[in-house]
Amino acid sequence: FQLYHGGETPKEGERNNLTFELACVMRYVCQHDADLMMRVIPNYDRFSDEEKRTCIRSALSQEKVARPARLLKILQALNQEKSDEIVKNGSSELDVEPTWKRPWEALEPCLTPSLVAATSGVVTPMRLPVAIGLSAMVGALSDVRLMVNEHHYYLNILCYLVGEAASGKSSVNTLNELVMKELIAEERSHLQAEDQEAELLFQMQNATKLPPRTHHSHRLISGRTSLAVVEQQMKYANGKCLYFFSTEADTQNSSRGSWADYSAVLRCSYGNECYSSRHASQQSHNLYIPEVRINQLVATTHDGLLRAIHNNVEDGLATRLTIALAPDNTFMRREPVRQRSTTAQRRLEKLGHLLQLTQGELELPALQAEADRWLEKVRLATLKNDDTIRAKFRFRCAVSASRVIATWMIVRAIDFLIDHIDNKNSNPCIPIPATLSRNWRNKAESAERWLMENPDGFVQ
């Protein structure tokens, strides 16, 4: 009201219109929850609850946009007011502790060598989001199942690395090239083979008998892959996990139909559920996938994230996402560009190679117990303030966090193997004996014992 109405609150005669305008903005802050908006928006000038609820329902029925211009101006005004207050009080930026600093300081002493190598090539505020993004790569390469609530699930992680423009979120691209190096090379070889086969079939188009077409396994999904192509890739993936990576997700198709269809595949992937589709055309093949496996790491802006899920808020897609927020660097000092050392790059390449050999089932009772304690803590906190949204989100939030930490534990187990190989001066690029798939679990148990000895640092 200070920005658009001279600071005057609604009076009788204009309460309906101004409350409707306020609700149109507040619906994005309140997750389109009418009950929450009823508690947040005041009853201006003895405005009745019935009339206010009517205004809120009318606002919720309006067309959704990525981010309203009025809300953006309000947030900018609040940030400017906060900056002016800091300058007025004579405080420097060193007196204000960044929001990312405390969780990173708790995690930094517990990082394994591979996690240190992964976060060494980015600016300090981006290290925690990049460490979370690494978990999506680990889950895509490994065939490990984590026991959560008496059920074994693949480490399928739908990670969104969200930040403003020029926040440094695209620095995860170099990490992806190192860890997924072998998978990218395999994809390129398959594409080259398909091009050669297509050229051969074109030359033999007048032949009486054509050779059968070879179906290659494509595990990488591009940003503009249609749902039909994704279904075909799942069919020929032989149970392996598909992987979608993009640092320019703002250009993705955001139409309601395409995202609704893609949302169904992602939701099946999160719970390792089956997926089936039937086509009316005789040229199309029916599809049945017992367990959908798709991991994704998407670097995008806040608007790109809203475009991805604003049409699927009700179907539960938002509760299945792992969102790593990049800190706002609007007023931060510029850090020098960091370069990964050659040793760090080689370690990340070894990590990507060894992760493809890991398989089996992983049980971490200490992590499960910590997740149960956190769920109870959040339940009691939400009972006090009646925060139904957080109470509903906490279940899948605990599952997603457990998967992320489990991937870090697997990385720690792989680090034991890398150090063992390096100590024996072996060539890390040669295939490791098959005992890895049987004995790597002992390494994970050693990592879990370390976790139990240091619960405060790592679990935080």
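A pocket, in the sense I will use today, is an open set of points on a 1 Å grid over the protein atoms alone, with protein on both sides within 12 Å along at least five of seven lines, and its lining residues have an atom within 4 Å of a point. Grid points are joined across faces, edges and corners, and a volume is the space filled by probe spheres set on the points.

This is a predicted model, in which local features need pLDDT of at least 70 and side-chain atom pairs count only at pLDDT 80 or more, while totals for chains, interfaces and linings use all residues. Residues are numbered from 1 along each chain as its sequence is written, and side-chain values use heavy atoms, with hydrogens and water left out.

Let me start with the second largest pocket, whose volume is about 580 Å³. Its lining is made of 22 residues, and F1, Q2, L3, L22 and I74 are those nearest its centre. Two or more lining residues come from each of the elements α1 (15–29) and α4 (69–88), and by class the lining holds 16 nonpolar, 3 polar and 3 charged residues.

Now to enclosed space, where a cavity is a set of points at which a 1.4 Å probe fits but cannot get out. The structure has 2 cavities of 30 Å³ or more, and the second largest of them, at about 30 Å³, is lined by L146, M147, V148, L364, L367, Q368 and S402. Strand β1 gives the most to this lining, with 3 residues, and the lining divides into 5 nonpolar, 2 polar and no charged residues.

What, then, touches the most other members in the largest nonpolar core? A nonpolar core is a set of buried Ala, Val, Leu, Ile, Met, Phe, Trp, Tyr and Cys residues joined through side-chain atoms within 4.5 Å, and buried means under 20% relative accessible area with a 1.4 Å probe, protein chains only. Of the 59 residues in this core, the answer is M137, L175 and M180, and the largest share, 11 residues, comes from helix α15 (residues 388–423). Leaving out residues up to four places away in sequence, M137 touches V172, L175, N176, V179, M180, Y243 and L297, where contact means heavy atoms within 4.5 Å.

Y243 leads to my last point, since a search of the whole structure finds 1 aromatic pair. Y243 and F245 form this pair, which is stacked, at 6.4 Å centre to centre and 10° between the planes; rings pair if their centres lie within 6.5 Å, and planes under 30 degrees apart count as stacked. Y243 counts as buried because its relative accessibility is 2%, and F245 is buried too, with a relative accessible area of 17%.

Notes. Buried < 20%, exposed > 50% of the residue type's maximum accessible area, 1.4 Å probe, protein only. Helix = DSSP H or I, 4+ residues; strand = E, 2+ residues; numbered from the N terminus. Nonpolar A, V, L, I, M, F, W, Y, C, P; charged D, E, K, R; others polar. Phe/Tyr/Trp six-rings, centres within 6.5 Å; stacked < 30°, edge-to-face > 60°.
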